[in-house]
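Reader: I am new to this structure and should like to learn how to read it. Would you take me through it feature by feature?

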Amino acid sequence: MNDPGPEPEARSDADAESVEVAEAPVVPASVPAPKIYLGDNLAVLATLPDASFDLIYIDPPFNTGRAQRRTPIEIVRDDAGDRTGFSGRRYRTIKLGAREYADAFDDYLEFLWPRLEQAHRLLGPRGSFFLHLDYREVHYAKVALDQIFGRACFMNEIVWAYDYGARSRSRWSTKHDNILWYVRDPNHYTFEYDAIDRIPYMAPGLVGPEKAARGKTPTDTWWSTIVSPTGKEKTGYPTQKPLKVIERIVRVHSRPGERLLDFFAGSGTFGEAATRLGREVVLVDHNPEAIEVMQRRLAFASPSLVTLQPEPEPEPLPEPLPPLPTPLPTP
Ligand SMILES: C[S@@+](CC[C@H](N)C(=O)[O-])C[C@H]1O[C@@H](n2cnc3c(N)ncnc32)[C@H](O)[C@@H]1O
């Protein structure tokens with residue numbers, strides 16, 4: 001989902017419930033080589049066999065772009081407008097109302113649905129699926145996933161709460177993402193309780209020194225800061241997610257040696273977490289820049305690259321023949 005803006009940090013409420021997940025994992029001596037695909041994920045997924053992954057995580061973009069193209073706009077003369085035209089005349093852009101929203105919604109689910117179906121098909125019998133979205137789309141996506149996976153397969157809505165950037169003066173500042181967790185089988189799934197990192201108690205004085213030293217397990221609200229704009233982790237890819245949040249998913253919902261998939265891979269955060277934790281990972285993105293970043297980021301594990309050529313555009317249909325002359329009426 002879209003990242004919060006790059007404004008300077010105002011204050012870290014994250015301290016209220018300290019948040020940092022365990023330290024970066026020690027890289028095993030030999031790690032499985034990640035496989036990276038360049039291409040549209042729907043086309044790539046169609047080539048992969050049923051039930052071939054133990055954990056799938058995706059973080060799709062909010063907007064596929066198609067809705068934006070279709071947003072009807074009108075430009076009108078307005079001295080206070082936001083555009084400048086010929087001879088310095090000012091114009092204002094009017095977005096033509098409700099169609100913009102309806103289009104965005106229709107297109108988004110239309111785009112996402114077949115990909116969610118593929119995720120379901122590709123999950124192994126104990127597999128988990130994580131869908132990372134934000135508050136604008138999560139409810140539609142949940143309804144879709146309830147239909148595709150079945151309501152009984154819904155396990156948690158994880159709220160990743162961060163605290164970064166400017167505050168709104170007109171509504172509560174939105175500082176969280178939503179991550180939906182579904183399983184293939186609600187009676188058999190991987191949940192490595194002992195691999196959960198511990199976090200400090202909010203009031204350690206109330207629990208005694210032993211418990212306070214051990215810390216507690218997190219709830220479904222995960223406080224963790226975004227990728228620091230000046231930190232070592234930053235790749236420059238705009239929607240990069242923090243390694244620590246993604247590592248927690250990998251650690252708890254899969255085991256070393258298992259096969260993992262992220263088909264909206266971006267900068268490869270999931271790929272890095274999976275590889276460093278000794279999992280075999282397949283990553284897909286259609287953006288060559290994302291592929292470049294991933295190749296750099298995962299160079300320590302010698303990733304392989306497969307490029308899926310897009311289908312050639314179909315030949316345009318020939319011009320229709322002119323209509324036949326109307327036959328003369330027979331006398
Ligand atoms: C929000 S970013 C993922 C960020 C990633 N989680 C990270 O930490 O860097 C979504 C990615 O999906 C890719 N994407 C969007 N539509 C796609 C499609 N149809 N096929 C493959 N990749 C796609 C975009 O290029 C973008 O890199």
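Author: Let us begin with burial. A residue is called buried if 20 or more other C-beta atoms lie within 10 Å of its own, and exposed if 12 or fewer do. Please keep in mind that this is a predicted model.

Reader: What percentage of the 331 residues of the protein chain count as buried?

Author: By that criterion, 32% of the 331 residues are buried. The secondary structure of the chain consists of eight helices and 12 strands. Among contacts with a separation of 6 or more, 73% are between residues 24 or more positions apart.

Reader: Why is strand 6 described as largely enclosed by the rest of the structure?

Author: Strand 6 covers residues 123–133, and eight of its 11 residues are buried, so the rest of the structure largely encloses it.

Reader: Which strands are joined to strand 6, and do they run parallel or antiparallel?

Author: Strand 2 (residues 53–58) runs parallel to strand 6, and five bridges join the two. Leu55 has Ser128 of strand 6 as its bridge partner. Strand 8 (residues 176–183) runs antiparallel to strand 6, with six bridges joining them. There, His132 is partnered by Ile179 of strand 8.

Reader: How should I read a single residue of strand 6, such as Leu131?

Author: A general idea helps first: in a regular strand, side chains alternate between the two faces of the sheet. Leu131 belongs to strand 6 and is buried, because 27 other C-beta atoms lie within 10 Å. Neighbours within four places in sequence aside, Leu131 contacts Ile58, Ala141, Leu145, Ile179 and Leu180. Leu145 is 14 residues from Leu131 in sequence, and their C-alpha atoms are 9.5 Å apart.

Reader: Which residues touch the most other members of the largest nonpolar core?

Author: In soluble globular proteins, nonpolar side chains tend to be buried together. The largest nonpolar core here has 60 residues, and those touching the most other members are Ile56, Leu131, Tyr182, Phe263, Ala265 and Met294. Leaving out residues up to four places away in sequence, Met294 touches Ile36, Ala265, Ser267, Gly268, Gly271 and Leu283.

Reader: Which residues come nearest to the ligand?

Author: Eighteen residues surround the ligand, and Phe264, Gly266, Ser267, Thr269 and Asn287 come nearest. The shell comprises six nonpolar, eight polar and four charged residues.

Reader: How does the span of helix 4 agree with what is expected?

Author: An α-helix has 3.6 residues a turn, so residues three or four places apart point the same way. Helix 4 (residues 138–149) has 12 residues and should span 16 Å at 1.5 Å a residue; its end C-alpha atoms are 16 Å apart, which agrees. Gly150 follows helix 4 and has a positive phi, near 100 degrees.

Reader: Which residue other than glycine has a positive phi near 45 degrees?

Author: That is Ser302, found in the loop between helix 8 (288–297) and strand 12 (304–307). Ser302 is exposed, because 10 other C-beta atoms lie within 10 Å. Ala51, not a glycine either, has a positive phi of about 50 degrees. Ala51 lies in the loop between helix 1 (41–45) and strand 2.

Reader: Is Ala51 buried or exposed?

Author: Ala51 has 12 C-beta neighbours inside 10 Å, so it counts as exposed.

Technical notes
Residues numbered from 1 in each chain as written. Predicted model: local features only at pLDDT ≥ 70, side-chain atom pairs only at ≥ 80, totals over all residues. Helix = DSSP H or I, 4+ residues; strand = E, 2+ residues; numbered from the N terminus. Pairing = 2+ DSSP bridges. Near = placed C-beta within 6 Å. Nonpolar A, V, L, I, M, F, W, Y, C, P; charged D, E, K, R; others polar. Core = buried A, V, L, I, M, F, W, Y, C linked by C-beta atoms within 7 Å. Contact = placed C-beta atoms within 7 Å. Expected span 1.5 Å × (residues − 1).
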